[in-house]
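Welcome! Have a look at the chain below, then work through the exercises one step at a time.

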Amino acid sequence: MLRARQAAAEVVHAVCEKGESIDAALIERSHLIDSAEAGLFQELAYGGVRWYLAYFSVLSSKLKKPFKPKDRLLNAVLVVAMYQLDYTEQASHAVVNEAVAHVKTLKRVWAAGVVNAVLRAYMREQDKRPIHQEMAWVNASFPVWLVEQIDSAWPENVNDILRATQKKPPMTLRVNVLKTTREDYLTQLTSVGIEAEACADSAVGITLTKPMPVHKLPNFDEGRVSVQDESAQLAVSVLPLAAGQRVLDACAAPGGKSVHILEAMPKIKELVALDFEARLPRLHENLNRTGQQAAVVAGDLLEADQWWDGTLFDTILLDVPCTGTGVIRRHPDIKFRRQAENALQFSKNQLKLLKAAWQMLQPGGALLYTTCSVLPAENQDCIAEFLALTEDANTTALPEYLGIETTHGRQRLPGVQTGDGFFYALLNKTK
């Protein structure tokens, strides 16, 4: 167990102090952990990152002076220990002892007494310290700029968004309707003792009561289901797909939406799945597992002359790179890897991508623009700017189940609708 908390503290330090990706930090240290500790390792790493800012504020109040830069790993050691005290069933004295032992392995024997004192003081205040569901504690776990931007955009929903964003995400499946039905797969899950329920808005979605390794899901390797958040599933549900179409998935990796398009409309003429070379292995993996075929292209949407043959597409899905503020519950490192100005910076690139994709769309065709952001600059504001610059573009009304209506498109919000934060705008190209 000591190894798991040691590696978790290293991950927390790498993400929260150095700005590394949590996925990369976890992979880099996974070799330090045996399979029996893998679950605890991930729990402590994600929990420490998710609540780091709130715990750090408590920690700062208990230290006589902050740790020197070369000793800042000790912040993460204490944060992980405090998370353990609050969220795991490990005995309190064992948590403290392990934290002290960890400090000694770091050759910081001088800090053992400090760590011991801080954690024992935290334990004594158990009845007084904030309950993690309280709004003040939740707010403390976010950068001030992010709270301010969400509050400015969604003042009536800000508390629900922040609460939901701090919770562990559900594991949601998308049923492959070419191989089974949702009802039959729910029955199959029940027969093997897996609790699940149908999603509220996605007609092909299932949410598990408890997350689990994919290899434990019935017929996962045969492509009967895929893991995909409900909000992401809904994108394909509003794409105007038809037999004989040429369809472009312009930012396709890791391939969830590409596969969903092929499952939803197997009679399309061709699906071109475009993304950068480094991102394509996961796309190929998902296509192979589900038995689907697409024209997979390595390229940059902004450099069409390098890969596009000039043949126009009937339908385009443009799921653009964004701040990811709608999926922080899955990627808590976003809180440390984004800054206040990033939404506007992303929106400039998003507009470029939108203009580039528009040139590839057939007159009379449709383009669905999506993001996993909750910030208007990347969503309705970006669409408004594009419409002002583009004479042959207009928007189509989208169904209410997608989320809150904005000036251009609909917004799904964590804690207000089910699923992650997601934005959708359907654009038509006039003939």
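**Exercise 1: A helix and its surroundings**

In this predicted model, the buried residues of α4 pack against α1, α3, α5 (73–87), α7 (112–124), α8 (135–139) and α15 (334–337). Find which residues of helix α4 (residues 52–62) are buried, and work out how they are arranged around the helix.

*Solution.* Step one is to pick out residues with under 20% relative accessible area. In α4, Tyr52, Ala54, Tyr55, Val58 and Leu59 are buried. For step two, look down the axis of α4: the buried residues fall within an arc of 165°, so they line one face of the helix.

Now try helix α10 (residues 158–166): which residues are buried there? They are Val158, Ile161, Leu162, Ala164, Thr165 and Gln166. Their cover includes α3, α8, α9 (144–153) and α15.

**Exercise 2: Two helices that cross**

Describe how helix α1 (residues 2–16) and helix α3 (residues 38–50) cross, and say what kinds of residues meet there.

*Solution.* Begin with the geometry. Two packed helices are described by the angle between their axes and the distance between the axes. Here the axes of α1 and α3 come within 8 Å and cross at roughly 35°, and the crossing is right-handed.

Next, list the residues. From α1 come Ala4, Arg5, Ala7, Ala8, Val11, Val12, Val15 and Cys16, and they meet Leu40, Phe41, Leu44, Ala45, Gly48 and Val49 of α3. Sorted by kind, the residues of this contact are 12 nonpolar, 1 polar and 1 charged.

**Exercise 3: One alanine**

Locate alanine 76 and decide: is it buried or exposed?

*Solution.* First, alanine 76 sits in helix α5. Its relative accessible area is 1%, so alanine 76 is buried. Then look for contacts: leaving aside neighbours within four places in sequence, alanine 76 touches Ala9, Val12 and His13. Finally, take alanine 8, which is 68 residues away along the chain; its C-alpha atom is 8.6 Å from that of alanine 76.

**Exercise 4: Reading a sheet**

Work out which strands stand at the edges of the sheet of 4 strands.

*Solution.* Write down the order first: this open sheet runs β2-β3-β1-β4, with antiparallel pairing. β2 (196–198) and β4 (225–227) each have a single partner strand, so they stand at the edges, with one side left without a neighbour in the sheet. From one strand to the next, the twist averages 30°.

Now zoom in on one pair. Strand β1 (residues 171–175) is joined to β4 by 3 bridges, and leucine 173 has valine 227 in β4 as its bridge partner. To finish, add helix α11 (residues 182–191), which packs on the sheet and touches β1, β2, β3 (205–208) and β4.

Conventions. Residues are numbered from 1 along each chain as its sequence is written. This is a predicted model: local features need pLDDT of at least 70, side-chain atom pairs count only at pLDDT 80 or more; totals for chains, interfaces and linings use all residues. Side-chain values use heavy atoms; hydrogens and water are left out. Two strands pair if DSSP finds at least two bridges between them. Axes are lines fitted to C-alpha atoms, for helices over the stretch in contact, and angles run from 0 to 180 degrees between N-to-C directions. Contact means heavy atoms within 4.5 Å. A crossing is left-handed if the near helix is turned anticlockwise from the far one by less than a right angle, and right-handed if clockwise. Ala, Val, Leu, Ile, Met, Phe, Trp, Tyr, Cys and Pro count as nonpolar, Asp, Glu, Lys and Arg as charged, and the others, Gly among them, as polar. Buried means under 20% relative accessible area, exposed over 50%, partly exposed in between (1.4 Å probe, protein chains only). The arc is that of the directions from the helix axis to the C-beta atoms.
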